[in-house]
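Q: Got a minute to go through this one with me? Put it up and start with the parts to be careful with.

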Amino acid sequence: MPSDDDRVSLVRCEDYAPEQVAAAVRRAVDLLGGLDRFISPGQRVLVKPNLLQPVAPDECVTTHPEMVTAVARMLRDHGCEVVIADSAGGGTPYTEARLRKLYDITGMSGAAEAAGAELGLDATYREVACPEGRVIKRFQVITPAAEADAIVVVSKAKTHVLTAMTGATKCIFGVLPGMEKPSFHGRLPDLEGFCDMLLDLNLAMRPELQIMDAVMGMEGDGPSGGEPRRIGAVLAAADPVALDIVAAGLMGFRAEDLPTIRRAAERGMAPDGLRVKVVGEEPGSLTVTDFKHSSSTAASKLGVGAPVLGRLLRAYALRPVVSKERCNGCGRCARSCPRETIRVVRGKARISHGRCIRCYCCHEMCENRAIELRRSTGGRFIARIMEGRNARSDLSPDEQS
Ligand code: SF4
Ligand code: SF4
């Protein structure tokens, strides 16, 4: 990455029937020239799904196990040794017991068994260098990722309250263990720096192949608080940014509005003009035009890192607010908060907003959907002005006059 192959394959896949998923994955890879172009027989390959939380597959928070089974089986048939591994979202202790729970609940244990693959239960991590990194030169990554000869990322198409969309480029964040994830929000509190870090991590890990589960995506306040939404597609590519450009279109985004893609373009890590050659289905036939975006997405349209607007942006950005009815005091949000600004008091989470950097790790990690994202009074005022401005810019010059 950047890859000299900007092609993205797009294949229709209506549901998670095993034969249908296996055929779609195989066709998506064949449309790019076949597995031999990316992976050699005999290699030890990490299959890296998105396993944000230990929740059941039909919640659409995680990559579906049928996708992972299909990819792992294809690699086994190719003569590879396959390990399936990821680490859960920020603040989750990175231990063998937690990994077992994560793999069992998300269906990865069954996927590994069905495909004859190994589960990554090694809860150690290693340092990898990133000499080309813009903001980070060294990462601590989970050992199965550091030791693999090749990496195949199997991402999930979801909205995201911080980065608007999570797909291929962001999926690699899961190779950072435990507290490493929230620590990056603390070290890089502005969105621009965070996106640069994601691009650096892709440079460090250099996955050989990207496959995306967009059979069922997540709309609304993803990556965990949204709702499942059918897209009906499987995508594959060598380049994660190219794949995300096509996936963004299927989810009703303009690629240039997405901060990670915009940063990639600014760094010369995206296809020229964000133009991608799609092979297979015509994207228009699978685009979900009314895909609901996150309530925070409008914030990113104000521009990544707009320094003069710093204070206004902070007021405008949605704040995490605890629902006392739904909070059970488990403390997961407090452990995930890079600013240590959440405490559990009398069985309920309490947030001190003064130090909050709006990274939304707490929202992402709460399994009870007890962290809501709301605007302050000042933020609502700014939102009204911005929404009025955006509505006007959508009008033709005649309509505006
Ligand atoms: S807000 Fe969610 S994660 Fe935080 S303590 Fe309450 S239930 Fe647990
Ligand atoms: S309280 Fe603020 S800083 Fe802490 S995790 Fe939530 S959004 Fe991030």
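A: Start with residues 390-401. Their pLDDT (the predictor's confidence in each residue, from 0 to 100) stays under 50. The model has 3 contacts (heavy atoms within 4.5 Å) for them beyond four places in sequence.

Q: Where else does pLDDT stay under 50?
A: Over residues 298-309, with 17 contacts beyond four places in sequence. Where pLDDT is low, don't read the predicted coordinates in detail.

Q: What does the chain average?
A: A pLDDT of 90, and 91% of the residues score at least 70.

Q: Ground rules?
A: This is a predicted model, where local features need pLDDT of at least 70, side-chain atom pairs count only at pLDDT 80 or more, and totals for chains, interfaces and linings use all residues. Residues are numbered from 1 along each chain as its sequence is written, chains are lettered from A and ligands numbered from 1 in the order written, and side-chain values use heavy atoms, without hydrogens and water.

Q: Ligands next. What surrounds ligand 1?
A: Among them are Cys-327, Cys-330, Cys-333 and Cys-366. Being near takes a heavy atom within 4 Å. Asn-328, Arg-332 and Ile-371 are also in that shell.

Q: And which residues come nearest to ligand 2?
A: Of the 14 around ligand 2, Cys-337, Cys-356, Cys-359, Tyr-360 and Cys-362. Cys-337 counts as buried (under 20% relative accessible area; exposed is over 50%, partly exposed in between; 1.4 Å probe, protein chains only), because its relative accessibility is 10%.

Q: How many disulfides?
A: The count is 0, taking a disulfide as a pair of cysteine sulfur atoms within 2.5 Å.

Q: Why is Cys-13 without a bond?
A: Because the closest cysteine sulfur, in Cys-60, is 13 Å from the sulfur of Cys-13, too far for a bond. Cys-13 is buried too, at a relative accessible area of 0%.
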